[in-house]
There are 2 protein chains.
Amino acid sequence: MSNKLTKRETDYSKWYNELVVKANLAENSGVRGCMVIKPYGYAIWEKMQAELDRMFKETGHENAYFPLFIPKSYLSKEAAHVEGFAKECAVVTHYRLKNAEDGSGLIVDPEAKLEEELIIRPTSETIIWDTYKRWIESYRDLPLLINQWANVVRWEMRTRLFLRTTEFLWQEGHTAHATKKEAVEESELILDIYAEFAEKFMAMPVIKGLKTASERFAGAEETYCIEGLMQDGKALQAGTSHFLGQNFAKAFDVQFTSKEGKREYVWATSWGVSTRLMGALVMTHSDDLGLVLPPNLAPIQVVIVPIHKTDEELDAISEKVNDITKGLRSKGISVKFDNRTTYKPGWKFAEYELKGVPLRIAMGPRDLEAGTLEIARRDTHEKRTISQNEVVSFVENTLIDIQENLYNKALNYRETHITEVNSFEEFKDVLDNKAGFVSAHWDGTPETEEKIKDLTKATIRCIPLNNKLEDGKCVLTGAKSEQRVLFAKAY
Amino acid sequence: MSNKLTKRETDYSKWYNELVVKANLAENSGVRGCMVIKPYGYAIWEKMQAELDRMFKETGHENAYFPLFIPKSYLSKEAAHVEGFAKECAVVTHYRLKNAEDGSGLIVDPEAKLEEELIIRPTSETIIWDTYKRWIESYRDLPLLINQWANVVRWEMRTRLFLRTTEFLWQEGHTAHATKKEAVEESELILDIYAEFAEKFMAMPVIKGLKTASERFAGAEETYCIEGLMQDGKALQAGTSHFLGQNFAKAFDVQFTSKEGKREYVWATSWGVSTRLMGALVMTHSDDLGLVLPPNLAPIQVVIVPIHKTDEELDAISEKVNDITKGLRSKGISVKFDNRTTYKPGWKFAEYELKGVPLRIAMGPRDLEAGTLEIARRDTHEKRTISQNEVVSFVENTLIDIQENLYNKALNYRETHITEVNSFEEFKDVLDNKAGFVSAHWDGTPETEEKIKDLTKATIRCIPLNNKLEDGKCVLTGAKSEQRVLFAKAY
């Protein structure tokens, strides 16, 4: 298989699919819509998990684990919730296979039919609130701050690696609070954590905002989101945090005794990010040569490639490399020395470009003599020859610089792709010819939102938090509007 | 709910169930046979995961993720494998729910029937070997050393928290090798890792051995296992490592081109440990007062309880405790200061005994004056008053001592509960009146093995590795035997 990628400008979507497979992040499996996450992709996901998990724990959250299966009757308890998920549920109806009597092979045993069907969790609010009913009695049991790392299943008709798969991995937080204020603050705290993670680790700038009623999570009173902008000008929802009000507490009858001795329904939040972040990471930074990974999430931060003709040369280089890797590792930098003799340096260079390793060091016999090495940045393609003595501090500083550079580059793209428009003609023109976010007045009705979507495929990505209020007219209907919202075509 | 536990000698099984629930490890959910792993239990599991994951990675294994679903046709490809798992499979047959036309509620949409049923993975050999077919072409692609952390489902009729649940969490390693020798070595390497983990972290001595043909994993040529002995004299299989021969390579047609240019089938292993280890941990060390956790896996290693009457006293104690916790944390020791005023010291003492915290420090006004504190061991109940100045080194040393003490105590129990017998009368007598492992000659036939099981409920737990060969007669049939094997009643 050639490692050459389709160019982004030729076919962005094809570029993405090829890159995910060729860089060994993931591939389609034999099961419709389900992917295999390959070791290199999974290593990035593990780094994401570790940082998020640390951030959750630092803010008082604990991990737990709830069942994969949700009895059909649980799902039905919250009306809006079931309406949102019933159409895309994997349903377990039987618990045994047997050999067909006619010898035709393995069949589902009709006698092993479940009395009540089980749904594979598309999200766990219902099974968790059924549990919280047993855990919450008094205000002393609140707040309850729980997260789980799990797989979930939503039967999507059109799937794409990482961005939309039938099964995906995620974390889902589910918290319970004594007051509305506390629950709203929790939703906002988590949104801040998600935004900080996106910006500091993924180097992906995001806009924090609220979803409109029609884009809200099924069962939520308010959905907060972070929205990123991909290089093709399409938006991507990267994480959501929901204020659930008392909807699930009422559906599952979860009340607590307050300090004043009154019985009250509990207030709730839920929030999640998923392996979709992997898709966002790829699409925010990568180029026509392959992945570009921010150092804070790169499984390999520095790769060292020896340039040699003879075994003696390789031995001499290896000895020097040993010192260098020790120095780098002592600073917590992950280094790989690729001393395979089955591949040539040029092949290795292309391979690590494809895999997005932030820094590549090459060292040959002349470098040994001169006490130098050549170091190349993946993001800017800049090459420099430096003294071996300064390698540790140079690498440390350059990794920080790459992290910042990637963020600033993405931020610059995003900033130049938020366009204010004041007519529907302008609106369509920007979508067709420039893409990115379109900032426009909207009359606040779901009907107009729907009509704009039908006409342009653009949806309201969010109403930015701390939005500026200004009088204006809806870009479609001309009706009165108090603020601009952000539209975009989206993943 | 009273925290008082049923005594082990009264009803060991009831003691176990109560302890798991009361110590906040896990509880039954509303879904038949599925448990909720509660935060305290999950924190222990996370510690287990972290150590095992480190050990796997240090020996060259990488993590990946494969689909939850297995098409029915995949499961059918390896004859012994499907025979072993078909009877306990959760089967997905539909992908949508809808509202019944007669208004009776949510039903499975008959029009959303899958063409081919999907099995929830009971283990992932089939979906993984379907993938390996795409990944393995040449000897350069081998060995392939992959692990995944995942949930699996086996439809068990009788379930018990952690020990046997319909859904459980585990890791499953799946490796591919160029030679039989390498694959066998891999199975043995993993068995050593499992044994080291059990002994060093769980403080649980284990016997390494081979399963008999009838106890082998469905599809394996050889199953290696580690067997622990619980305090009631019943054995528990704590981990298995399978040499799969070329069975799955042949079923999924996975061949590679050898260095010599020949096409050959790949050799395989698979191996796993699960949340069952949590049950083993509880049953190996705990007592009638609650959990006893080995320091190497305890989420809280030291708890500090202030003894005070006034707020001023609490403030003064807290200030001192602050110094102590800093000192302990700088050594990587996890400390909790329980300064809640809503509970009395006596209540807290019982609570942390129940939760198995290895060391408890109590500090009152007199300790402040004298520069002392009281420190109590959970394992021996020994209390000592020591100087505050020596607390860090004392805690460090005592945690090591507790870890060793728990192991030695369990080892001593195990060593005194391996009984050699030479007649079937003796065999039954030991099982009825002493329990533990019974070391006996066996004629090597599955028929005798089955008959002994029917007569006594004891199974062959393993043929110990490096077993001593000696001439003898089968304890049941009197037929010739070359070695003793270990029988026991088991979980």
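This is a short walk through the two chains, their shared interface, the domains of chain A and one helix.

Okay, so before anything else: what you're looking at is a predicted model.

Let's start with the pair. If you take chain A and superpose it on chain B, you need a rotation of 180° with 0.0 Å of shift along the axis, and the RMSD comes out at 0.0 Å. So the two copies are related as by a two-fold rotation axis. Where does chain A come nearest to that axis? Look at Val92(A): its C-alpha is the nearest one in chain A, 2.1 Å from the axis. And both copies use the same surface, with 100% of the contact residues of chain A recurring in chain B.

Now the interface itself. Chain A puts in 52 residues, and chain B puts in 52 residues. On the chain A side, the biggest contributor is strand β5, residues 91–94, with four residues. By residue type, the chain A side splits into 30 nonpolar, ten polar and twelve charged.

What does β5(A) do there? β5(A) pairs with strand β5 of chain B, residues 91–94, in the antiparallel sense, over three bridges. If you want one pair to click on, try Val91(A), whose bridge partner in β5(B) is His94(B).

Next, inside chain A. There are three domains: domain 1 is 26–70 plus 125–285, domain 2 is 295–413, and domain 3 is 418–488. Taken over C-alpha atoms, the centres of domains 1 and 2 of chain A are 37 Å apart. Their contact takes 17 residues from domain 1 and ten residues from domain 2. On the domain 1 side, α2 (39–58), α6 (180–200) and α8 (276–285) of chain A each supply at least two residues, and the largest share, five residues, comes from α2(A). That side of domain 1 divides into eleven nonpolar, three polar and three charged residues.

Last stop, helix α13 of chain A, residues 424–433. Which of its residues are buried? Phe427(A), Val430(A) and Leu431(A). Looking down the axis of α13(A), those buried residues fall within an arc of 95°, so they line one face of the helix. They pack against β22 (418–420), β23 (437–441) and α14 (446–456) of chain A. Flip to the face turned away from the buried side, and you find Glu425(A), Asp432(A) and Asn433(A), which are exposed. And just after α13(A), Ala435(A) takes a positive phi of about 70°.

That's my tour, thanks.

Methods. Residues are numbered from 1 along each chain as its sequence is written. Chains are lettered from A and ligands numbered from 1 in the order in which they are written. This is a predicted model: local features need pLDDT of at least 70, side-chain atom pairs count only at pLDDT 80 or more; totals for chains, interfaces and linings use all residues. Domain bounds come from an automatic or database domain assignment. Two residues are in contact if their C-beta atoms, placed from the backbone, lie within 7 Å. Ala, Val, Leu, Ile, Met, Phe, Trp, Tyr, Cys and Pro count as nonpolar, Asp, Glu, Lys and Arg as charged, and the others, Gly among them, as polar. Copies are superposed by least squares on the C-alpha atoms of residues with pLDDT of at least 70 in both. Two strands pair if DSSP finds at least two bridges between them. A residue is buried if 20 or more other C-beta atoms lie within 10 Å of its own, exposed if 12 or fewer, and partly exposed in between; C-beta atoms are placed from the backbone. The arc is that of the directions from the helix axis to the C-beta atoms.
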